[in-house]
Amino acid sequence: MKFLDLARVHVRSGSGGSGCISFRREKFVEFGGPDGGDGGDGGSVHVVAVDSLNTLVDYRYQQHHFAEDGKSGSGKRRTGRNGNPVTLRVPVGTEVLDEDQSTIIADLAEEGDSIEVARGGKGGFGNCRYKSSTNQAPRQAQPGRPGIERTLWLRLKLIADVGLIGLPNSGKSTFLANVTNARPKIASYPFTTLHPGLGVVRIDNQEFVLADVPGLISGAHQGKGIGHRFLAHVERCSVLLQIVDCSSDTVLEDYHALLDEIRAYGHQLNEKPRVVALSKVDTIPLDRQEQVITKLKQSSAQEIYTLSSVTGQGVDQLIRRLSQEVSTSRRRSEELEGTREWYP
């Protein structure tokens with residue numbers, strides 16, 4: 001299945017049915033009078049988050065979604081049938097944006113979240129609604145109100161606990177394949193990863209979801225490369241894992257370049273807990289490793305983990321650290337939920 005995280009859809013709710021102008025005329029019935037029924041309401045358009053989807057690819061090939069119009073009323077005070085609604089089913093974590101792609105209408109972050117994006121038109125009144133003591137034979141009825149037509153954007157942000165960030169070809173996909181059952185494409189050239197990947201990590205009876213996004217390059221916030229548009233997928237992550245290729249001749253420059261792109265992206269991404277790991281340590285001598293680790297510690301003021309996805313060096317230690325960070329974040333979220341004020 002092809003991964004698609006951004007889709008444009010055109011929706012239209014149904015128009016209301018027209019009211020009816022009718023008069024009661026029956027043989028042997030003494031009293032007649034107006035008996036035109038109301039028109040039915042038009043169908044609405046809803047967007048709902050479901051757990052069985054993980055891509056928006058369905059909306060690439062079907063972009064127009066129209067609800068049914070309401071039926072007109074008829075005699076004997078019969079109301080027209082309401083139009084059938086339309087429901088757009090999207091993955092959990094989908095944002096509904098207005099046509100400008102910047103105004104967020106709704107964030108469907110949990111299964112079952114839904115929103116009405118286009119309400120159906122109200123059905124018109126029939127002439128029996130206008131009957132009065134001074135107007136006993138009204139010959140007027142309302143037309144149904146028109147539906148709402150609008151263009152929306154659906155933007156998917158994957159929901160994961162840990163987000164993998166790094167420069168292209170720094171070993172992110174190899175690490176993901178090593179610690180999960182995910183099978184991302186792995187090659188020796190940059191930008192092998194074209195779409196985000198997810199995997200579930202299990203260690204010490206704990207589980208968390210790991211997300212891998214395409215690599216970032218310097219100047220990504222200005223539109224260079226493809227990694228910047230996928231940073232939205234790590235906005236919801238509790239912890240960021242920054243992987244730095246220790247075989248590079250410019251390790252410190254790579255480290256700071258990635259931090260600059262995270263700061264330039266914004267959305268409080270720089271405030272998330274971050275773990276730094278040196279990858280591909282099996283490709284350089286031990287004395288070179290120590291030099292690189294010392295420089296990074298001085299620059300980042302935090303613990304540096306060494307990692308080799310090929311030999312397995314440092315993998316378990318890094319996974320346990322990530323598991324601790326995720327557990328801490330979950331406890332903090334539960335405490336915030338418990339202290340949140342409730343309003344009727």
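Visitor: How do you know that β15 and strand β16 pair, and which way do they run?

Guide: Happy to start there, with the reminder that this is a predicted model. Three bridges join β15 to strand β16 (residues 304–306), and the two run parallel. Pairing asks for at least two bridges, so the three found here are enough to call them paired. One contact to look for is A277, whose bridge partner in β16 is Y305.

Visitor: What makes β15, helix α4 and β16 a β-α-β unit of a given hand?

Guide: Helix α4 covers residues 286–300, and together with β15 and β16 it makes a right-handed unit. Look along the strands as they point away from you: the path over the helix runs clockwise, and therefore the unit is called right-handed.

Visitor: What lies on the way from β14 to β15, and what is the hand of that crossover?

Guide: Six bridges join strand β14 (residues 239–245) to β15, again in parallel. Within that pair, D245 has S279 of β15 as its bridge partner. From β14 the chain passes through helix α3 (residues 251–265) before reaching β15, and this β-α-β crossover is right-handed.

Visitor: Why is strand β15 described as mostly covered?

Guide: The cut-off for buried is under 20% relative accessible area, and five of the six residues in β15 (274–279) fall below it, so "mostly covered" fits.

Visitor: How do you know which strands are the edges of the open five-stranded sheet?

Guide: The order in that sheet is β5-β1-β10-β7-β8, with mixed pairing. β5 (64–66) and β8 (104–108) each pair on one side only, and they are the edge strands. Neighbouring strands there are turned by 25° against each other on average, direction ignored.

Visitor: What makes β1 and β10 a pair in that sheet?

Guide: Seven bridges join β1 (residues 6–12) to β10 (residues 149–156), and at least two are needed, so they count as paired. These two strands run antiparallel. V9, for instance, has L152 in β10 as its bridge partner.

Visitor: How much space lies in the largest pocket, and which residues are closest to its centre?

Guide: The largest pocket holds about 890 Å³ of space. There are 29 lining residues, and A109, I159, A160, D161 and R236 are the closest to the centre. Helix α5 (residues 315–339) gives the most to this lining, with six residues.

Visitor: What classes of residue make up the lining of the largest pocket?

Guide: By class, the lining has 14 nonpolar, five polar and 10 charged residues. Among the residues closest to the centre are D161 and R236; Asp and Arg count as charged, so both belong to that class.

Technical notes: Residues are numbered from 1 along each chain as its sequence is written. This is a predicted model: local features need pLDDT of at least 70, side-chain atom pairs count only at pLDDT 80 or more; totals for chains, interfaces and linings use all residues. Side-chain values use heavy atoms; hydrogens and water are left out. Helices (H or I, at least four residues) and strands (E, at least two) are DSSP runs, numbered from the N terminus. Axes are lines fitted to C-alpha atoms, for helices over the stretch in contact, and angles run from 0 to 180 degrees between N-to-C directions. Buried means under 20% relative accessible area, exposed over 50%, partly exposed in between (1.4 Å probe, protein chains only). On a 1 Å grid over the protein atoms alone, a cavity is a set of points where a 1.4 Å probe fits but cannot get out, and a pocket is an open set with protein on both sides within 12 Å along at least five of seven lines; lining residues have an atom within 4 Å of a point. Grid points are joined across faces, edges and corners, and a volume is the space filled by probe spheres set on the points.
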